[in-house]
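Q: Please take a close look at the surroundings of the bound ligand in this model. Once that part is described, please set it in the context of the charged pairs and backbone details elsewhere in the chain.

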Amino acid sequence: MPALQPVRGTTDQLGDSRARHNHVVTTAQQIALRYGYEDMATPIFEFTEVFSKPLGASSDVVTKETYSFEDRGGSSLTLRPEGTAGCMRAIISNGLTQSLPLRWFYHGPMFRYERPQKGRMRQFHQIGAELIGVAGASADAEIIGLGAQILDGLGVLEDTSLHLNSLGDSQSRAQYKSALMAYLADYEDQLSDDSKRRLTTNPLRILDSKDATDRQIVADAPSLSDALTDEAKRHFEQVTDLLDKAGIAWQFDPLLVRGLDYYAHTAFEFITDKLGAQGTVLGGGRYDGLSEMLGGPALPAVGFAAGIERLALLASPPDMPADKIAIFAADAEAAAGCFAIAHELRGAGLPVVMMHSGNMKKNMKSADRLKCRFSIIAGSDELVRNQVAVRNMADSTQRDIDCDQLIAYLRAELGLPAS
Ligand code: HAM
């Protein structure tokens, strides 16, 4: 074991990277709340069955990527590779199937044993939204609209394009699968190794293979859209009409199939060319069959998730407001008085960072690095006069302020209402 290294594909979030992560989460959360989505969370591990069937026994995620283990009680558990199956499990186990529709927003870590590269981690983080209990096309459009406005709120919508496809219902998909398998059988020798394997297990995934020869072969394959039932076609048209009315740009992508098996009808991805191979920033679709796969009643549902790391790479860094106050003693005799003032200011709701040691120059440097707007310098001579020096870090002006006036002075300077 390489000691003192993070596990491959995991990372510490420190400083700027944590600020970017939080910026993505809070921006998305605020926009989702505006749409009526309720913030919620499920555990990061579930019984393995929660994922194995719904995500697809032959999907890459289930066959190659899950972190599964037996716990001390002998139960098979899996670290969640995604959030949707856990949400549906939560609806069923909390008896919420009669309380629909539900609009849920979540964020948190997900785990997939993938080959790490830029934008692809083994522990990564998602924001996600699920709308459960609405069958109509307006639900699909609402979810896509929410995804678009979150990307817009982060300033990255322009870097992406929305790809849309309909996977139809399970009946038309089964028929299409046989037609596709018959077509691909003639090219079996030329397919990539991954696609050869998928030919019998999951032929639809061959449609979105990145391999150049696979793509040539697939270009002349029978089309999934031709296999759709009239009802599936109507649903898709209604979704695209709503998007057009709202001015949400999209493009038809007949090869978009998504990597998880629970989808039916609408499937969509916001894709960017700014992140190299890992171009899907946000993806989702309708998954009406998932509840039944888990043993629940039939429930219509649609949702999406987006990788926070990928969004953070695209989004500009958040503004870090200079709203803190540094405080330090100018000499050892002033240390106790300085500590007491800091405690009082914090009690009055002011953001105060104490510099516990260091000379004046070092403390000023730290105050700058922490983006402090003011520094309070407490010297023993000034404290005897019941005063401290307050330095404005932006223009380096300094004033002596009476300790009894300090809270009122700082609140006014920071634009806070008088307490
Ligand atoms: P997904 O397409 O598997 O869908 O993942 C959604 C997003 O998570 C991807 O578009 C990508 O941005 C990010 N992502 C996936 N794997 C990784 C990774 N290894 N490293 C970094 N980022 C990654 C789902 O997870 C579905 N639950 C979405 C959904 C919600 N469908 C309906 N409701």
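**The ligand and its surroundings**

A: An oxygen atom of the ligand is placed 3.0 Å from a polar backbone atom of G307. The protein covers 95% of the 660 Å² of accessible area that the ligand has on its own. Three elements each give two or more residues to the shell around the ligand, namely β6 (123-132), β10 (280-286) and β11 (301-307). Of these, β10 supplies the largest share, six residues. The model is a predicted one, and the distances and areas in this answer are computed from it.

Further polar contacts can be named. A backbone N or O atom of V281 lies 3.0 Å from an oxygen atom of the ligand. A side chain also takes part: a polar side-chain atom of E130 is 2.8 Å from a nitrogen atom of the ligand. E130 is also listed with E82, T84, E114 and Y263 as the residues that come nearest, out of the 26 around the ligand. Sorted by class, the shell consists of ten nonpolar, nine polar and seven charged residues.

Charged residues also pair with one another in this model. Side chains of opposite charge can pair when their charged atoms come close. The structure holds twelve salt bridges, and three of them are described here.

In one of them, D159 pairs with K274, and the closest N and O atoms are 3.1 Å apart. D159 is in the loop between α5 (137-153) and β7 (160-166), while K274 is in the loop between β9 (266-272) and β10, so this salt bridge ties together parts that are 115 residues apart in sequence. D159 is partly exposed, because its relative accessible area is 22%.

Another pair joins D194 and R197, again with 3.1 Å between the closest N and O atoms. Both residues belong to helix α7 (residues 193-201), and because they are three residues apart there, about one helical turn separates them. D194 counts as partly exposed at 36% relative accessibility, and R197 is likewise partly exposed, with a relative accessible area of 33%. Salt bridges that share partners join D60, D194, R197 and R198 into one network.

The third pair is R205 with D208, where the closest N and O atoms are 3.3 Å apart. Here both R205 and D208 are buried.

On the surface, I44, F45 and F69 form a nonpolar patch, with about 260 Å² of accessible area together. F45 is found in strand β2 (residues 45-47) and is partly exposed, its relative accessible area being 43%.

Some backbone details remain. The peptide bond from L100 to P101 is cis, with omega near 0 degrees; P101 is found in the loop between α4 (84-93) and β5 (102-111). K371, a residue other than glycine, has a positive phi, near 55 degrees. K371 is in the loop between α13 (360-369) and β14 (372-378), and at 38% relative accessibility it counts as partly exposed. N386 is not a glycine either, yet its phi is positive at about 60 degrees. N386 is found in the loop between α14 (380-384) and β15 (387-392) and counts as partly exposed at 36% relative accessibility.

Terms used:
Residues numbered from 1 in each chain as written. Predicted model: local features only at pLDDT ≥ 70, side-chain atom pairs only at ≥ 80, totals over all residues. Heavy atoms only, no water. Near = heavy atom within 4 Å. Polar contact = N/O pair within 3.5 Å; in protein donor to acceptor, adjacent residues only side chain to side chain. Areas by Shrake-Rupley, 256 points an atom, 1.4 Å probe, with all protein chains shown as cover. Helix = DSSP H or I, 4+ residues; strand = E, 2+ residues; numbered from the N terminus. Nonpolar A, V, L, I, M, F, W, Y, C, P; charged D, E, K, R; others polar. Patch = residues over 30% accessible without salt bridge, like charges linked within 9 Å, V, L, I, M, F, W, Y side chains within 5 Å. Salt bridge = Lys/Arg side-chain N within 4 Å of Asp/Glu carboxyl O. Buried < 20%, exposed > 50% of the residue type's maximum accessible area, 1.4 Å probe, protein only.
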